[in-house]
Amino acid sequence: QLLECMVRAERLEWQEIRSFERDPRGVNDSISWGLLTLIQRNFAPLAERASAVLGRLEQVPRALEESRRCLGTPARIFTELALSEMAGTRDFIAETVPATFASLENEVLRSRIGEVCQTAVEAYQAHLKWLEEDLLPRSTASYALGAKLYRKKLLYAESVDTPLESLLEQAWKELRRLQERFRAVAADIEPGADPQELLTRISRDHPAAEGLLEAGRSTLRELREFCVSADLLTLTDAPDPFVIETPGFARDLAFAMMDTPGPFEEVAREAFYYITVPAESWDAARTEEFLTLFSRPGLRVIGAHEVYPGHYAQLLRIRETPSLIRRIADSGAFVEGWAHYCEEMLMEVGYGADDPSVRLCQLHEALLRACRFIAGISLHCLGMTVEEATAFFQREGYQAAPSAEMEAKRGTTDPHYLIYTLGKLQILELREECKAAWGGGFTLRRFHDALLSHGIMPIALQRRAILG
């Protein structure tokens, strides 16, 4: 059944959704992340990896040409995002790739990489010009998938056949619960304070730009120790991930993200926790505004989501399943739902009890994800505009204007960003079923280990694997 779902999801993407015609960013993802993996992961000697990079770089002009040939009439916002992301990849190829191989002893290979990087940069320059002057003026299509494709995508990717109306009811119910809890926690911290103003003041307590990465590292050590002492799950003996800056081409995608080695990787086992730091070119006001995203209590919540016990702890466990199909499965609702569930679960068992502002930051993140649930369906099935979505995130999710606008735009390109809250709710429901089935034998560690032992399957199939 899992394999059938995977095949149907792939066929839906290529035959009906056809993103290669709708979104000019697809080819860029293949180029940028492919190159990053080759230069960053130490799976072979530097010269061998240089040859692999060279082979990929040589294909960049043709890949961009094929993308231009395939693209139809995208939505304007897709082309605008492509312009920003592709400029980052151009700079990555121009600067980071040659610098990586500057120490190569093979002078011919080193010189050849420099030449091919230059050719690839020129191809990107030409492609960016085409995007801006040719594609952008005729990017007039709707970003909306429509209800039919939206339901199909949800069914095939996540084995969810719940009517959209019922999903929206669940989302609104969760949003109202979180709003009430957010206000209650704020009142406990400072009676009579406006919750949003209180959060704004808390966000001003953040590391300096030059100390942001080290603050991320110390948070991971604290989180790992808490998971062990609270006996929450079985952690592998893998070391903490490297905490480094987000690659330039991905700065617009996320403020923090996890890059974990694949389930079949036996040599290059390095993992990377990316944190986006302020650009050196920014003025003091913009830098300060950006750093409020990484308040000290907020960093603890982000680390829980991305690393312990979130994405990193989960994805390392995939290699333990003996099933080939389960090792290559990829349920977004389970991946993001698990990480989001972990944020709330940690609060339940006492993490952050020393600082109630951690709980407030966690609830603010949860409000954001609940708003994504509603906005994703509304943008793609109910005619919501980007402007309406922006106002919705501000009004209902208590998001600042820049964040609200970014989230609204993301919803146009990521129709299923409902998976965070949807997955969390599914996991909580399954947890209650396991409590009832196991009785006195239930523990969080038993439940979490069972959940992480079957690969990244849709949660409906996890239920069958765990409970029969």
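Reader: What span should helix 11 have at 1.5 Å a residue?

Author: The expected span is 1.5 Å times one less than the number of residues. Helix 11 covers residues 212-229, so its 18 residues should span 26 Å, and its end C-alpha atoms are indeed 26 Å apart. By "helix" I mean a DSSP run of H or I with at least four residues, while a strand is a run of E with at least two, both numbered from the N terminus. Bear in mind that this is a predicted model: local features need pLDDT of at least 70, side-chain atom pairs count only at pLDDT 80 or more, and totals for chains, interfaces and linings use all residues. Residues are numbered from 1 along each chain as its sequence is written, and side-chain values use heavy atoms, with hydrogens and water left out.

Reader: Which residues of helix 11 are buried?

Author: "Buried" means under 20% relative accessible area, "exposed" over 50%, and "partly exposed" in between (1.4 Å probe, protein chains only). In helix 11 the buried ones are Leu212, Leu213, Ala215, Gly216, Thr219, Leu220, Leu223, Phe226 and Cys227. They sit on the same side of helix 11 because they cover an arc of only 145 degrees around the axis, taking the directions from the axis to the C-beta atoms. Glu225, Val228 and Ser229 are exposed, on the face turned away from that buried side.

Reader: What covers the buried residues of helix 11?

Author: The cover includes strand 1 (242-245), strand 3 (272-275), helix 12 (284-291), helix 13 (296-306) and helix 16 (332-348). Look just past helix 11 too: Asp231 follows, with a positive phi near 55 degrees.

Reader: Let's try helix 4. Which of its residues are buried?

Author: Those are Arg49, Ala50, Val53, Leu54 and Leu57. They share one side of helix 4, since their arc around the axis is only 145 degrees. They pack against helix 3 (26-40), helix 5 (60-70), helix 6 (76-100) and helix 7 (107-135). As for length, helix 4 (residues 46-58) has 13 residues and reaches 18 Å, close to the 18 Å expected.

Reader: Is Pro247 buried or exposed?

Author: Pro247 has 8% relative accessibility, so it counts as buried. Its place is in the loop between strand 1 and strand 2 (256-259). Beyond its neighbours within four places in sequence, Pro247 is in contact (heavy atoms within 4.5 Å) with Leu36 and Tyr274.

Reader: How many cavities of 30 Å³ or more does a search of the whole structure find?

Author: Rolling a probe the size of a water molecule over the atoms shows where empty space is left. On a 1 Å grid over the protein atoms alone, a cavity is a set of points where a 1.4 Å probe fits but cannot get out; a pocket is an open set with protein on both sides within 12 Å along at least five of seven lines; lining residues have an atom within 4 Å of a point. The search finds one such cavity. It holds about 50 Å³, the space filled by probe spheres set on the points, which are joined across faces, edges and corners. Helix 14 (residues 311-316) supplies the largest share of the lining, three residues.

Reader: And which residues lie nearest the centre of the second largest pocket?

Author: Val160, Thr162, Leu422, Gln426 and Glu429 do, out of 13 lining residues. That pocket has about 210 Å³ of space. Helix 20 gives the most to its lining, four residues.
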